[in-house]
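Student: I have a model open and would like to know what stands behind the words people use for it. Could we go through some of them together?

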Amino acid sequence: MRKPMVAGNWKMNGLTASVRALVEGIKQEEQLSASVDMVVFPASVHLSQVRDLLSGTAIAYGAQNLYLGEAGAFTGEISGSMLSDLGCRYVLVGHSERRAIFGEDSAQVAAKFQAAQKARLQPILCIGETQKQRERGETEKVIQEQLETVINKVGISAFRQAIIAYEPVWAIGTGLTATPEQAQAVHTYIRGLLAKQEVDIAQTIRILYGGSLKADNAPQLFAMPDIDGGLIGGASLEAKSFLAICQEAMAVKLGQRVA
């Protein structure tokens, strides 16, 4: 059985005091990490603080982005080796906001995926379609292009040390919500694409759901057979709501919740 993961992407939020309060709140339920991999993604300026606050716990942390290069004249950028040096285990790659706001295309995302693994970081590859793409019936086409561009760059074996997050962009902050069945259908499609190249990887890789996931819809989503946890945005900015989602992931794993 694939161990669930609940990852909190804090985006560009938090100051020193609020980050401390949030981490201390999450640490109160650290025992959940026995059943659920708990990961937080603070803004880069808070990584050192979060590292210190999480020292001695099983809660992991990662970065929201990285640059392709190892070192050099790239003002404002952060390399994978710098993140590894800070103790990061994970890094987000290809988040929908990086694609939409900062213009990252699939080729850049694939290069970042490769750079992350070179730095001994486990990338969480984010893929997903916009509302217009879904309305045009292009969901599978978009997913295939985003995923296969990375596979063609690094090879299917690289996905033994990676995680995928499906983000239906149309269901993030729009008031629209993907049903568990809609989310499951895309997760199944992703797993099928991987299975065409390596069945074992398709069966073992974790695929997270990231589309306005909250504690009230988590039980139904987590009960879907191909949804292995969540990449959480706004709901991860409060310890209570983040932990409630972790508890739902644990309950589904232990068979205490049904769809």
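Tutor: Gladly! This is a predicted model. Let's start with Gln184, whose relative accessibility is 12%.

Student: Why is Gln184 called buried?

Tutor: Buried means under 20% relative accessible area. Gln184 has 12%, so Gln184 counts as buried. Gln184 sits in helix α8 and touches Met224, Pro225, Asp226 and Ile227, leaving out residues up to four places away in sequence.

Student: What makes those residues contacts of Gln184?

Tutor: Contact means heavy atoms within 4.5 Å, and Met224, Pro225, Asp226 and Ile227 touch Gln184 in that sense.

Student: Which other residues of α8 are buried?

Tutor: Besides Gln184, the buried residues of α8 include Pro180, Ala183, Val186, His187, Tyr189 and Ile190. Arg191, Leu193 and Leu194 also belong to that list.

Student: How do you know that the length of α8 agrees with its number of residues?

Tutor: The expected span is 1.5 Å times one less than the number of residues. For the 16 residues of α8 that gives 22 Å, and the end C-alpha atoms are 22 Å apart, so the two agree.

Student: And what about the span of α7?

Tutor: Helix α7, residues 139–154, has 16 residues and should span 22 Å; its end C-alpha atoms are 23 Å apart, which agrees.

Student: Which residues of α7 are buried?

Tutor: They are Thr139, Val142, Ile143, Gln146, Leu147, Val150 and Ile151.

Student: Why are the buried residues of α7 said to be on the same side?

Tutor: They cover an arc of only 160° around the axis, which puts them on the same side of α7. In general, an α-helix has 3.6 residues a turn, so residues three or four places apart point the same way. The face of α7 turned away from the buried side carries the exposed residues Lys141 and Asn152.

Student: What do the buried residues of α7 pack against?

Tutor: Their partners are the helices α4, α5, α6 and α8, along with the strands β5 and β6. Just after α7 comes Gly155, with a positive phi near 90°.

Student: Why is Gln114 called partly exposed?

Tutor: Partly exposed lies between the cut-offs of 20% and 50%. Gln114 has a relative accessible area of 37%, so Gln114 is partly exposed. Gln114 belongs to helix α5 and, its neighbours within four places in sequence aside, is in contact with Lys153 and Val154.

Student: What makes the phi of Lys11 worth pointing out?

Tutor: Phi of Lys11 is positive, about 55°, although Lys11 is not a glycine. Lys11 is in the loop between β1 and α1, and its relative accessible area of 23% makes Lys11 partly exposed. Ser212 is another residue other than glycine with a positive phi, near 55°. Ser212 lies in the loop between β7 and α10, and at 26% relative accessibility Ser212 counts as partly exposed.

Student: Is Ile245 buried or exposed, and how do you know that?

Tutor: Its relative accessibility is 0%, which is below the 20% cut-off, so Ile245 counts as buried. Ile245 has its place in helix α11. Among the residues Ile245 touches are Val6, Leu213, Phe222 and Ile232.

Student: What makes a space a cavity in one case and a pocket in another?

Tutor: In a cavity the 1.4 Å probe fits but cannot get out, whereas a pocket is an open set. The search of the whole structure finds 1 cavity of 30 Å³ or more, and the largest cavity has a volume of about 40 Å³. Its lining includes Leu66, Tyr67, Glu70, Ser79 and Ala115. By class, that lining has 4 nonpolar, 4 polar and 1 charged residues.

Student: How much space lies in the largest pocket, and which residues lie nearest its centre?

Tutor: The largest pocket holds about 600 Å³ of space. It is lined by 25 residues, and Met12, Gln64, Asn65, Arg98 and Phe102 lie nearest its centre. The lining divides into 12 nonpolar, 9 polar and 4 charged residues. Helix α4, residues 96–102, gives the largest share, 4 residues.

Note on methods. Residues numbered from 1 in each chain as written. Predicted model: local features only at pLDDT ≥ 70, side-chain atom pairs only at ≥ 80, totals over all residues. Heavy atoms only, no water. 1 Å grid on protein atoms, 1.4 Å probe; cavity = no way out; pocket = protein on both sides within 12 Å on 5 of 7 lines; lining within 4 Å. Points joined across faces, edges and corners; volume = space filled by probe spheres on them. Helix = DSSP H or I, 4+ residues; strand = E, 2+ residues; numbered from the N terminus. Nonpolar A, V, L, I, M, F, W, Y, C, P; charged D, E, K, R; others polar. Buried < 20%, exposed > 50% of the residue type's maximum accessible area, 1.4 Å probe, protein only. Arc of directions from axis to C-beta.
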